[in-house]
Amino acid sequence: MIMLSTFAVFLLFAQFDDPAYHIRIQSGSINRVNSIVSFSVPTEIAAGAYVARTTSGDVVPLQVDAFSRAWILLRNLNANSTMDLILNMVSDSSIVSFIAESIEYDRTIALNSNGREVLRFFHRENEPPDSLGPVYRRGGYIHPVRTPSGTVLTGHLNGPYHIHHSGIWSAWTNTIFQGRKPDFWNAQLLGGRVDIDTLISTWSGPVQAGFESVNRFTDLTSGVPITALREHWEVRSYAIPPEAGFHMFDVVLTQTVSEDAPLLLPEYLYGGVGFRGHSDWDDTTTTRVLTSEGLGRFEANTSRAKWLHIGGFTGGKQGGVAILGHPSNFRFPQPMRIHPTAPFFNFAPTQSGEMSIQPGRPYVVRYRYITYDGEPDVAMIEQMWNDYANPPSVSVERR
């Protein structure tokens, strides 16, 4: 397991007398504000944190991950503009603290941005109260999710209804596997369940912190538990400056069948990646839903949208989250399930008809989450979706 979060980062400062790489970022037709830029770099650049500089000498933190991808937080670049960066591999042995940090606790991993908690992920099983029973003991989901002020937006183990909803989680409901019909969503029905399997790695850095983990989908309908699906989680939280007024994190899920048989997903109202709001949001008069198409809670159910806001009051404090769908997602813009009374939302591609996950053909979905205090800023959310869907173009040239 990679445990970078407990160590300081050694930065490699650019020295203009011996430039190694020229990085050119082109904004395209979109104004870039607090934009996450990710691009491939030569494998000779080791994973770690670096400092690049603009041609005018301004410092830009740059982080390279274990997959030879570089990450930059682009604070501001106007539309139809270009930024040139110089990256040099000479070290001056400078040490700085992390800005984005992952911290592993006994049951959870916390992802922090500039010292403020963004979310936690259960890398081990939760602790449900005795009144609920062991069927609700599980891990492999995100809770809590917080606004910049610390207000909690998610709920899990919420009673008395829909107790199987768990923060941000993933499951399929109506399925066919090897001729059987396991239900991985409703664990209380004992036909299937989703559990944490393996925590692969965690990391921290000046641009983003995150983790990799694997869940297993277990079919309980055959008398002998069978792992039908393995689900790889890649979660990254970004070091957004506090003055921006929001947190931002990405979730990428990759599902692969475990046996030489497909997982068939007949048409159904919900299933996939879900979001459960805080128990205070059970009062529908204090919660709000708004989609990119301008629809509210009741009109939006079964409609399609690029993004959705859901928010409400927790302990008297208002906050919300915008959930952005990526254009690469199957059946984008995906249809949605919005519960009429419970604070539950789900992009549900099975609403549009049957689908399947075939051997050798992993199913991948990508979502970006933006949390904030108060009412949603629709113009900001729309700008951030455009940035997410249409990233800047980047070229890297050895000097």
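The second largest cavity holds about 70 Å³ of space. A cavity here is a set of points, on a 1 Å grid over the protein atoms alone, where a 1.4 Å probe fits but cannot get out, and its lining residues have an atom within 4 Å of a point. Grid points are joined across faces, edges and corners, and the volume is the space filled by probe spheres set on them. Of the 13 residues that line the second largest cavity, W172, G272, V273, Y363 and V365 are the closest to its centre. Strand β28 gives the largest share of this lining, three residues, while β19 (247-257), β21 (272-276) and β28 (363-373) each supply at least two. Strands (E, at least two residues) are DSSP runs numbered from the N terminus.

The structure is a predicted model, in which local features need pLDDT of at least 70, side-chain atom pairs count only at pLDDT 80 or more, and totals for chains, interfaces and linings use all residues. Residues are numbered from 1 along each chain as its sequence is written, and side-chain values use heavy atoms, with hydrogens and water left out.

A search of the whole structure finds three cavities of 30 Å³ or more, and the largest has a volume of about 110 Å³. Its lining comprises 15 residues, of which R138, H164, S166, W185 and A187 are the closest to the centre. Strands β14 (168-171) and β16 (192-203) are the elements that give two or more residues to this lining.

W172 also belongs to the largest nonpolar core, which has 59 residues; I142, W172, F249, L263 and Y369 have the most contacts inside it. Such a core is a set of buried Ala, Val, Leu, Ile, Met, Phe, Trp, Tyr and Cys residues joined through side-chain atoms within 4.5 Å, where buried means under 20% relative accessible area (1.4 Å probe, protein chains only). Strand β18 (residues 226-238) provides the largest share of the core, five residues. Apart from this core lies another, of 20 residues, among them I25, V41, L85 and L87.

L263, in the largest core, also stands opposite I357 in β27. Three bridges join β20 (residues 263-265) to β27, and the two run antiparallel; strands pair if DSSP finds at least two bridges between them. The open sheet has three strands in the order β15-β20-β27, with antiparallel pairing. Because β15 (176-177) and β27 (355-357) stand at the edges, each with a single partner strand, one side of each is left without a neighbour in the sheet.

Conventions. Helices (H or I, at least four residues) and strands (E, at least two) are DSSP runs, numbered from the N terminus. Buried means under 20% relative accessible area, exposed over 50%, partly exposed in between (1.4 Å probe, protein chains only). On a 1 Å grid over the protein atoms alone, a cavity is a set of points where a 1.4 Å probe fits but cannot get out, and a pocket is an open set with protein on both sides within 12 Å along at least five of seven lines; lining residues have an atom within 4 Å of a point.
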